[in-house]
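Biologist: Got a minute to go through this model with me? I'd like to pick out a few spots and see what they look like.
Modeller: Sure, put it up and ask away.

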Amino acid sequence: MSEYPTGTLMAGKRGLIMGVANKNSIAWAIAQQLAAQGAEIAFTYQGDKLLRRVKPLAESVGSDVLLDCDVTNDDQMDATFKALADRWGRIDFLVHAIAFAGKDQLSGSFVESTTRDGFKSALDISAYSFVDAARRASEIMNDDGAMVTLTYLGSERVVPNYNVMGVAKAALEACTRYIAADLGPRGIRVNAISAGPIKTLAAAGIGSGRHMFRFNKAAAAMQDNTDPKGVAGAALYLLSELGASCTGETHHVDGGFHAIGMPQEGPLRESLES
Ligand code: NAP
């Protein structure tokens, strides 16, 4: 029995999810939710080490389509989308949940720690890869298809240590709007989900992560951390007919953290006043 709401919203829909590294990945929560609503899913992974982790997860949602793909490798990107076309002909959705910045770029002063190579690689892997994947996916996507990418509030406001990744996420959100405009006339919708902090491998790479989780919990409107199930539910909405007419949007799923200018009375205020 799935712990995600079951139904038929994605019945007959096929698509690609990029960015499952393990069971804690946001992309895996999305995969489980889409599968619980009847979707057929293909997964990308990076290298044999990850295949060992991703294969059993994929099998548990009935998928045997696993494609080795580093998004910086054009040959692997070509092979991934060719394999999808060969297997299914057309697809209905794309989930892009990929980001990377070197650990040395993710702590301390932004202006001191950001190198040319670090900047290029963060922007390439975390923002350009969505443009590239969206172009390739659109060539085989049905005209009522949809795409979703994952972003974070560090794009809009300064979050300590998030540094160049905040710049990459700002680019990713802008890319989302431009892709939405290009593909809109075909009926393809393209949106970003801005998730609050969730304990994953990627989040572990950010300096002072523990403080980020504690602060988020104390300051968010819901005074709690973000539930990956909420992110998965938002992805279901945006990728299914429920999301009709919604495109070019950055949708926050962060317990209302983004809405707060000054925290309510509560633990955070009390700690500041003591
Ligand atoms: P995750 O489980 O570590 O997923 C990140 C994925 O990106 C991994 O599968 C990773 O594969 C992949 N990746 C990195 N470089 C790649 C490359 N060159 N080619 C192909 N794949 C590559 O962490 P996550 O938190 O779920 O991250 C998913 C998305 O959500 C990211 O865009 C992240 O920025 C975003 N997000 C996360 C949070 C959070 O708090 N966790 C909040 C908001 C948004 P490897 O492991 O092989 O490198």
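Biologist: Let's start with E270. Buried or exposed?
Modeller: E270 counts as exposed, because its relative accessibility is 54%. Bear in mind that this is a predicted model.

Biologist: Which helix is E270 in?
Modeller: Helix α10, which covers residues 267-273.

Biologist: And how far apart are E270 and L34?
Modeller: In space they are 41 Å apart, C-alpha to C-alpha, and in sequence 236 residues apart.

Biologist: OK, salt bridges. How many are there in the whole structure?
Modeller: The search turns up eleven. The general idea is that side chains of opposite charge can pair when their charged atoms come close.

Biologist: What does E59 pair with, and at what N to O distance?
Modeller: With K55, and the closest N and O atoms are 3.9 Å apart. Both residues are in helix α2 (residues 47-60), four residues apart, which is about one turn of the helix.

Biologist: How accessible are those two, E59 and K55?
Modeller: E59 is partly exposed at 48% relative accessibility. K55 is partly exposed as well, at 39%.

Biologist: What about R87, which residue does its side chain meet in a salt bridge?
Modeller: D64, at 2.8 Å from N to O. R87 sits in helix α3 (residues 74-88) and D64 in the loop between α2 and β3 (66-68), so this pair ties together parts that are 23 residues apart in sequence.

Biologist: Is D64 buried or exposed?
Modeller: D64 is exposed, with a relative accessible area of 53%. R87 comes out as partly exposed, at 45%.

Biologist: Which residue does D86 bridge to?
Modeller: K82, with the closest N and O atoms 2.8 Å apart. D86 and K82 are both in helix α3, four residues apart, or about one turn of the helix. Both are exposed. There is also a network: D74, D78, D132, R135 and R136 are joined into one by salt bridges that share partners.

Biologist: Switching to α9. How does its end-to-end distance fit the expected span?
Modeller: It agrees. Helix α9 has twelve residues (228-239), so at 1.5 Å a residue it should span 16 Å, and its end C-alpha atoms are 16 Å apart. In case the arithmetic looks off, the expected span uses one less than the number of residues.

Biologist: Which residues of α9 are buried?
Modeller: V231, A232, A234, A235, L236, L238 and L239.

Biologist: And what covers them?
Modeller: The cover includes helix α1 (26-36) and strands β4 (91-96), β5 (141-151), β6 (189-195) and β7 (250-253).

Biologist: What goes on at the start of α9?
Modeller: A side-chain oxygen of D227 reaches to within 2.9 Å of the backbone nitrogen of K229 there.

Biologist: Back to buried spots. What does A137 touch, leaving aside neighbours within four places in sequence?
Modeller: A137 is in contact with F81, I91, L94 and M147. A137 belongs to helix α5 (residues 116-139), and at 0% relative accessibility it counts as buried.

Biologist: And T176, same question: which contacts, not counting residues up to four places away?
Modeller: F130, T149, V190, N191, A192 and E249. T176 is in helix α6 and is buried, with a relative accessible area of 0%.

Biologist: Which residues form a nonpolar patch on the surface?
Modeller: F110, V111, F119 and V167, with about 340 Å² of accessible area together. V167 is part of helix α6 (residues 163-183) and counts as partly exposed, at 30% relative accessibility.

Biologist: Last thing, backbone angles. What is phi at N161?
Modeller: Positive, about 75 degrees, although N161 is not a glycine. N161 is in the loop between β5 and α6, and at 13% relative accessibility it counts as buried.

Biologist: And S245, where is that?
Modeller: In the loop between α9 and β7. Phi of S245 is also positive, near 75 degrees, in a residue other than glycine. S245 counts as exposed, at 75% relative accessibility.

Terms used. Residues are numbered from 1 along each chain as its sequence is written. This is a predicted model: local features need pLDDT of at least 70, side-chain atom pairs count only at pLDDT 80 or more; totals for chains, interfaces and linings use all residues. Side-chain values use heavy atoms; hydrogens and water are left out. Helices (H or I, at least four residues) and strands (E, at least two) are DSSP runs, numbered from the N terminus. Buried means under 20% relative accessible area, exposed over 50%, partly exposed in between (1.4 Å probe, protein chains only). Contact means heavy atoms within 4.5 Å. A polar contact is a pair of N or O atoms within 3.5 Å; within protein, one must be able to donate a hydrogen and the other to accept it, and residues adjacent in sequence count only if both atoms are side-chain atoms. Patches are made of residues with over 30% relative accessible area and no salt bridge: like charges are joined within 9 Å, nonpolar side chains (Val, Leu, Ile, Met, Phe, Trp, Tyr) within 5 Å. Accessible areas come from the Shrake-Rupley method with a 1.4 Å probe; for residues, only the protein chains shown count as cover. A salt bridge is a side-chain nitrogen of Lys or Arg within 4 Å of a carboxyl oxygen of Asp or Glu.
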